[in-house]
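Biologist: Could you take me on a close look at one part of this protein? I'd like to see how its sheet is put together, and I'm new to this, so please go step by step.

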Amino acid sequence: MLFTGTYQNSIDSKNRLIIPAKYRDMLGGHCMLARGFDRCLYIYAMEDWDVLVEKISMLKQSDKDVRKFIREFFSNAEECHLDAQGRILIPQHLRDYAKISKDLVTKGAMDKIEIWSVESLNDPEGENMMDNEEFVKKLDMYDL
């Protein structure tokens with residue numbers, strides 16, 4: 001899948017995000033929501049999630065940083081089903097992580113969709129536990 005484009009949107013009072021219409025058919029009504037690098041959230045179509053899981057399963061789990069990444073990434077991932085209006089619920093722990101309160105920017109990012117709070121997107125100094133440059137370099141070896 002190839003996700004492209006940028007959309008301004010928001011979450012409603014029940015913490016649901018309306019997935020842009022362009023992406024709904026691509027997701028097929030079912031997706032995975034996870035923490036992303038740089039203090040955003042990622043939405044994956046199920047087939048792209050399966051490819052990512054396969055790549056991550058190739059990481060050397062004898063490396064404590066890899067174990068920590070796997071623990072953080074998968075324990076904070078949520079399976080989502082789009083409702084009839086094309087919305088998904090963003091759980092509190094993921095809203096807290098991405099500093100989401102209301103206004104969002106939804107960006108196509110090749111094999112995934114990125115969900116950003118407007119504040120985080122505009123804060124280049126934002127602190128992020130998944131933005132460790134050394135670890136990101138390590139992941140590059142595995143073509144993630």
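Modeller: Here is a walk through the sheet, beginning with the whole chain and then moving in on a few strands.

Keep in mind that this is a predicted model. The protein has 144 residues, and 42% of them are buried. Its secondary structure adds up to six helices and eight strands. If you read along the sequence, the pattern goes β-β-α-β-β-α-α-β-β-α-β-β-α-α.

Now for the sheet itself. Six strands make up an open sheet in the order E1-E7-E8-E4-E3-E5, and the pairing is antiparallel. The edges are E1 and E5 (78-81), since each of those pairs on one side only. Neighbouring strands here don't line up perfectly: on average they are turned by 30° against each other, if you ignore direction. Something also sits against this sheet: helix H2 (residues 46-56) packs on it and touches strands E3 (30-35) and E4 (41-45). The direction of H2 makes about 105° with that of E4.

Let's start from the E1 edge. Strand E1 (residues 6-10) pairs with strand E7 (residues 103-109) in the antiparallel sense, over five bridges. Look at the residue numbers of those two strands, and you'll see that the partners come from distant parts of the sequence. Contacts across the protein show a similar theme: of those between residues at least 6 apart in sequence, 66% join residues at least 24 apart.

Next, go one strand further in. E7 also pairs with strand E8 (residues 112-117), again in the antiparallel sense, this time over six bridges. E7 and E8 form a hairpin with two residues between them. One residue to find in that turn is methionine 110, which has a positive phi of about 65°.

You can follow individual partners across these three strands, too. Tyrosine 7 stands opposite threonine 106 in E7. Threonine 106, in turn, stands opposite isoleucine 115 in E8. Try tracing that row in the picture: tyrosine 7 to threonine 106, then threonine 106 to isoleucine 115. Another pair to look for is leucine 104, whose bridge partner in E8 is serine 117. While you're tracing, remember that in a regular strand the side chains alternate between the two faces of the sheet.

Finally, step back to the outside of the protein. It exposes about 8,000 Å², with carbon and sulfur atoms supplying 50% of that.

Notes: Residues numbered from 1 in each chain as written. Predicted model: local features only at pLDDT ≥ 70, side-chain atom pairs only at ≥ 80, totals over all residues. Heavy atoms only, no water. Pairing = 2+ DSSP bridges. Helix = DSSP H or I, 4+ residues; strand = E, 2+ residues; numbered from the N terminus. Buried < 20%, exposed > 50% of the residue type's maximum accessible area, 1.4 Å probe, protein only. Contact = heavy atoms within 4.5 Å. Areas by Shrake-Rupley, 256 points an atom, 1.4 Å probe, with all protein chains shown as cover. Axes fitted to C-alpha atoms, helices over the stretch in contact; angles between N-to-C directions.
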